[in-house]
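Reader: Could you walk me through this model and explain the terms you use as we go?
Author: Gladly, here it is.

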Amino acid sequence: MTRIIAVAGATGAQGGGLARAILDEADSGFAVRALTRDPNSDAARALAERGAEVVAADLDDPRSLRAAFEGAHGAFCMTNFWEHFSPEREKAQARNQAEAARAAGVGHVVWSTLEDTRERVPLSDDRMPTLMGEYKVPHFDAKGESDEVFLDLTPATCLRTSFYWDNLIHFGMGPKRENGTVHFSLPLGDARLPGMAAGDIGRCVLGVFREGESLIGQKIGVAGGHPTGLEMAAALTDALGEEVVYRAVPFEVYRGLGFPGAEDLGNMFQYKHDFEEEYCATRPIDRSRELNPRLQTFPEWASANADRIPIGG
């Protein structure tokens with residue numbers, strides 16, 4: 001019997017990865033119900049052509065979510081801070097999804113989340129600035145704070161994701177050429193950075209749904225690798241065919257770069273640096289590979305995407 005998985009953000013990075021992962025495996029036992037605000041978008045039409053059921057739903061509209069979750073075995077729930085830069089809106093959207101899943105009787109919810117950094121860096125801790133009055137890393141903290149909402153209201157698995165290696169393509173974090181040298185810059189020092197291909201997150205989510213009820217109530221993390229900045233630069237050198245030099249940017253310098261979200265990201269990288277051991281330990285590569293046997297390492301991803309990684313000026 002085919003079980004329906006309702007996928008929030010089905011035309012985005014994580015949700016799209018899950019939708020494609022299910023559609024790629026005709027014998028997975030699951031079917032895709034793709035939730036999107038615009039069923040007529042090119043991305044939504046592409047999913048429909050592949051066999052997904054596409055339905056209109058808005059994370060800000062609880063009624064649409066309840067209808068979209070009705071009859072689904074599972075639901076993948078997520079929020080996108082970078083769309084609106086509002087942790088309050090993220091928390092409201094998370095609660096909307098959790099309450100809708102409960103009302104619809106969804107049997108297994110996978111909530112895409114991150115740590116609440118305030119558990120290790122309280123607002124009184126001045127090693128990094130407090131942002132928006134009550135957060136250290138807003139796009140982490142809002143999701144982490146919402147974990148208990150899902151665990152209280154639904155049969156949920158909280159899936160802690162990792163840095164998207166695709167950020168080197170789409171988010172302006174790729175290498176840049178300066179004075180004849182190609183630099184790859186991160187505010188990370190010599191720490192390791194758990195990361196993965198965005199599409200691999202979706203395949204890990206499918207693995208969670210496959211394992212099923214044994215993972216309900218758990219918080220688990222995934223990553224395709226824990227490379228250092230130097231190791232990432234070496235992999236980029238091999239993939240791009242010219243030397244890429246790693247440059248560690250001080251946290252305070254990164255926070256002051258002035259682009260939207262710079263302070264949030266500066267604090268994020270400092271958190272990953274200062275709590276490197278704990279952060280990496282919660283994202284074990286072997287366990288991630290059990291969920292997704294196709295998991296890519298950073299060198300594999302860089303090699304496969306070399307023609308898509310821009311070298312900025």
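Author: This is a predicted model. Let's begin with the second largest pocket, whose lining divides into 7 nonpolar, 4 polar and 3 charged residues.

Reader: How much space lies in the second largest pocket, and which residues are the closest to its centre?
Author: The second largest pocket holds about 280 Å³ of space. It is lined by 14 residues, and the closest to the centre are Gly 172, Lys 176, Ser 185, Tyr 254 and Leu 257.

Reader: Which elements give two or more residues to that lining?
Author: Strand S8 (176-178) and strand S9 (181-186) do. The largest share comes from S9, with 3 residues.

Reader: What is found in the loop between S8 and S9?
Author: Asn 179 is found there.

Reader: What makes the phi of Asn 179 worth a mention?
Author: Most residues other than glycine have a negative phi. Asn 179 is a residue other than glycine, yet its phi is positive, near 55°. Met 132 is also not a glycine and has a positive phi of about 55°. You will find Met 132 in the loop between strand S5 (108-113) and H6.

Reader: Now to the helices: why are H1 and H8 called oblique to each other?
Author: The axes of helix H1 (residues 13-24) and helix H8 (residues 198-211) cross at roughly 60°. Angles under 35 degrees count as roughly parallel, and 65 to 115 as roughly perpendicular. The crossing of H1 and H8 fits neither range, and therefore the two helices are oblique to each other. Their axes come within 7 Å, and the crossing is right-handed.

Reader: Which residues of H1 and H8 meet, and how do you know that they are in contact?
Author: Contact means heavy atoms within 4.5 Å. By that cut-off, Ala 13, Gln 14, Gly 17, Leu 18, Ala 21 and Ile 22 in H1 meet Ala 198, Gly 199, Ile 201, Gly 202, Arg 203, Val 205, Leu 206 and Phe 209 in H8. The residues of this contact divide into 9 nonpolar, 4 polar and 1 charged.

Reader: What makes H5 and H6 roughly parallel?
Author: Helix H5 (residues 87-104) and helix H6 (residues 138-153) have axes that cross at roughly 20°. Angles under 35 degrees count as roughly parallel, so H5 is roughly parallel to H6. The axes of H5 and H6 come within 9 Å, and their crossing is right-handed.

Reader: How many charged residues take part in the contact of H5 with H6?
Author: There are 7 charged residues, along with 8 nonpolar and 3 polar. Among the residues that meet are Glu 90, Lys 91 and Arg 95 in H5, and Lys 143, Glu 145 and Phe 150 in H6.

Reader: Why are H3 and H5 called oblique to each other?
Author: The axes of helix H3 (residues 62-69) and H5 cross at roughly 45° and come within 8 Å. Since under 35 degrees is needed for roughly parallel and 65 to 115 for roughly perpendicular, H3 and H5 are therefore oblique to each other. H3 passes H5 in a right-handed crossing. Pro 62, Leu 65, Arg 66 and Phe 69 of H3 make the contact with Asn 96, Gln 97, Ala 100, Ala 101, Ala 103 and Ala 104 of H5. By class, those residues are 7 nonpolar, 2 polar and 1 charged.

Reader: Finally, what is the volume of the largest pocket, and which residues are the closest to its centre?
Author: The largest pocket has a volume of about 1,100 Å³. Of its 48 lining residues, Ala 13, Met 78, Thr 79, Asn 80 and Tyr 164 are the closest to the centre. Helix H4 (residues 81-84) gives the largest share of the lining, 4 residues. The lining as a whole has 22 nonpolar, 18 polar and 8 charged residues.

Definitions and conventions:
Residues are numbered from 1 along each chain as its sequence is written. This is a predicted model: local features need pLDDT of at least 70, side-chain atom pairs count only at pLDDT 80 or more; totals for chains, interfaces and linings use all residues. Side-chain values use heavy atoms; hydrogens and water are left out. Axes are lines fitted to C-alpha atoms, for helices over the stretch in contact, and angles run from 0 to 180 degrees between N-to-C directions. Angles under 35 degrees count as roughly parallel, over 145 as roughly antiparallel, 65 to 115 as roughly perpendicular and the rest as oblique. A crossing is left-handed if the near helix is turned anticlockwise from the far one by less than a right angle, and right-handed if clockwise. Ala, Val, Leu, Ile, Met, Phe, Trp, Tyr, Cys and Pro count as nonpolar, Asp, Glu, Lys and Arg as charged, and the others, Gly among them, as polar. On a 1 Å grid over the protein atoms alone, a cavity is a set of points where a 1.4 Å probe fits but cannot get out, and a pocket is an open set with protein on both sides within 12 Å along at least five of seven lines; lining residues have an atom within 4 Å of a point. Grid points are joined across faces, edges and corners, and a volume is the space filled by probe spheres set on the points.
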